Amino acid sequence: MTRTEVAPARVDVTDVLAGVPRDLFLGGRWVPAANKDRMPVVNPATEEVLTEVADAGARDALAALEAAERAQESWARTSARTRSEILYRAFELTVERTEQLALLMTLEMGKPLADARGEVAYAAEFFRWFAEEAVRIDGGYSHRPDGAARNLQVRQPVGPSLLIIPWNFPLAMGARKLGPAIAAGCVSILKPAPQTPLCSLALAEILAEAGLPDGVLSVVTTSRAADVVTPMLESGVIRKLSFTGSTEVGKLLLAQASRNVLRTSMELGGNAPFLVLEDADLDRAVDAAFQAKMRNMGEACTAANRFFVHATVAEQFAGRLAERMGALTVGDGTRDGVDVGPLIDEPSREKVRVLIDDAVDRGASVLVGGGRPDGPGYFVEPTVLTGTDPRSALTSTEIFGPVAAIQTFTSLDDAIRRANDTEWGLVGYVATQDLDNALNVAERLEVGMVGINSGVVSTPSAPFGGVKQSGLGREGGRIGIDEFLETKYISIPVRP
């Protein structure tokens, strides 16, 4: 397969880039880094530099901490209704700017415009969801058993929060963390990935326009994460750390956070199994598998990583999935008709190439894909492998690319055992028409989320998170705001 050239979409790249701030957002002001350093933002589809943004250092981290510390008390005392209305306005502004934000995301991250528009809607919904949750924060009142006192329970904001987000969903991950922090009354410092700072800067602009007071949010863009994050975690100002990224980095951050006993939320790596049972509706199974594998070019922690397909339907399933993936158009996401954009950078593409080669060396067959299109950009052809050896590296590695590796099974118990044979436990998928089987597998999978006959589980209205080394805590749903709230108990003696 070679990359198909299609007509450019009717968008004005220059205007969109010119409209995005490129400095740090500190204390309600746009300021350059203290050291005046800048870092490039590269378009992964062309390998060209789009623009440069401020590259923060330790002094900027301290400035963000000072702004957060100044703003926390007054923000915590701000009424829930006020916080809610700011989030509602942020929701409306995000929706109004869908085309601008989608193009910005495609330029810095690579996903096709249609997918980027979907992420804008997803991000906006987090603002709306937590606007509604802000006014639902409750407490409790009870009688002490001996009748001598009343127990009053109140919920209060944890305090200044450091939010670290990845590059693969640069708008939605910011909104997913900022929504509950703002709703709960926590001030935040947002540190985006160095590959995708522009969406976070655009979010700061939206929230400022929505009425967020100065200092409640700072955005610190940097290529030197340790120089910025370490002084924040050691400062004693930060009381909450929320991180989405690799398990390896998450472990390092947990160790640092433990020194000041910080509240933590960790959404880490995944190695999602996708089980296709003997009785599965293959049309639905292929649809779900396609969604679970190809969302965001496979660059998602929820991406199906290991396909376990019953031997009686494996050939049909693999053939249909290969036909579906082989029909996709690979190219620059800003162009009409493109289905699959580039991976984020060259190391990511090289990692996927090595994983494919290792699987083939161990006996896997390539039904479709397996190569790299000609020309610039970090592209990988959508790939389906069959006969995958369980010892292949891609079965124990988060692929983060458009590769579906299929293994077969005959015993459901054995399939579940193999599915659980991993250090990760974020999400699992099962395709079956039998309700008993669906519930049986869902309950036995060692994961935090399960999709039944569906390849998409992420929604602002449900708790997102994993078990084992896939993380701690939950984001989204009614309990998502709990991660940013402490419970205080007040004893009230009562005279008889």
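**View 1. The β5-β6 hairpin in the predicted model.** H143 of β5 stands opposite R150 in β6. This pair belongs to a predicted model, in which four bridges join β5 to β6 and the two strands run antiparallel. The strands form a hairpin with five residues between them. In the turn, G147 has a positive phi of about 80°. The loop that holds G147 lies between β5 (140-143) and β6 (149-157). Is G147 buried, exposed or partly exposed? Its relative accessibility is 37%, so G147 counts as partly exposed. K351 lies 204 residues from G147 along the chain, and the C-alpha atoms of the two residues are separated by 65 Å.

**View 2. The three-stranded sheet β5-β6-β22.** The hairpin strands take part in an open sheet of three strands with the order β5-β6-β22 and antiparallel pairing. β5 and β22 (485-493) are the edge strands, each of which pairs on one side only. From one strand to the next, the twist averages 20°. Nine bridges join β6 to β22, and these strands run antiparallel. Within this pairing, Q153 stands opposite Y489 in β22. Strands of a sheet pair through backbone hydrogen bonds, either parallel or antiparallel.

**View 3. The seven-stranded sheet.** Seven strands form an open sheet with mixed pairing, in the order β14-β15-β16-β13-β12-β18-β19. The edges are occupied by β14 (365-368) and β19 (449-452); each has a single partner strand, so one side of each is left without a neighbour in the sheet. On average, neighbouring strands of this sheet are turned by 25° against each other, direction ignored. At the β19 edge, strand β18 (residues 427-431) is joined to β19 by four bridges, and the two strands run parallel. Y429 stands opposite G451 in β19.

**View 4. Buried residues of helix α13.** Which residues are buried in helix α13 (residues 412-420)? They are A415, I416, R418, A419 and N420. The buried residues of α13 pack against the strands β12 (272-276), β13 (304-310) and β16 (403-409), against α14 (435-444) and against β20 (467-468). Of these partners, β12, β13 and β16 also appear in the order of the seven-stranded sheet.

**View 5. Helix α4 against helix α5.** Two packed helices are described by the angle between their axes and the distance between the axes. For helix α4 (residues 98-109) and helix α5 (residues 113-134), the axes come within 8 Å and cross at roughly 120°. That angle makes α4 oblique to α5. The crossing in which α4 passes α5 is right-handed. On the α4 side the contact is made by T98, E99, L101, A102, L103, M105 and T106, and on the α5 side by L113, A116, R117, E119 and V120. By class, the contact of α4 with α5 has seven nonpolar, two polar and three charged residues.

**View 6. Helix α3 against helix α5.** The axes of helix α3 (residues 80-96) and α5 come within 8 Å and cross at roughly 165°. Angles over 145 degrees count as roughly antiparallel, and α3 and α5 are therefore roughly antiparallel to each other. Their crossing is left-handed. From α3, the contact is made by A80, R83, S84, L87, Y88, A90, F91, T94 and V95; from α5, by V120, A124, E125, F127, R128, F130, A131, E132 and A134. The contact of α3 with α5 has twelve nonpolar, two polar and four charged residues by class. V120 of α5 takes part here and also in the contact with α4.

**View 7. Helix α5 against helix α6.** The axes of α5 and helix α6 (residues 172-184) come within 8 Å and cross at roughly 10°. This makes α5 roughly parallel to α6. In α5, the residues E119, Y122, A123, F126, F127, F130 and A134 meet A172, A175, R176, L178, G179, P180 and A183 in α6. By class, the contact of α5 with α6 has eleven nonpolar, one polar and two charged residues. Within α5, F127, F130 and A134 belong to this contact and also to the contact with α3, whereas E119 belongs to this contact and also to the contact with α4.

Definitions and conventions:
Residues numbered from 1 in each chain as written. Predicted model: local features only at pLDDT ≥ 70, side-chain atom pairs only at ≥ 80, totals over all residues. Heavy atoms only, no water. Pairing = 2+ DSSP bridges. Axes fitted to C-alpha atoms, helices over the stretch in contact; angles between N-to-C directions. Buried < 20%, exposed > 50% of the residue type's maximum accessible area, 1.4 Å probe, protein only. Parallel < 35°, antiparallel > 145°, perpendicular 65-115°, else oblique. Left-handed = near helix turned anticlockwise from the far one by under 90°. Contact = heavy atoms within 4.5 Å. Nonpolar A, V, L, I, M, F, W, Y, C, P; charged D, E, K, R; others polar.
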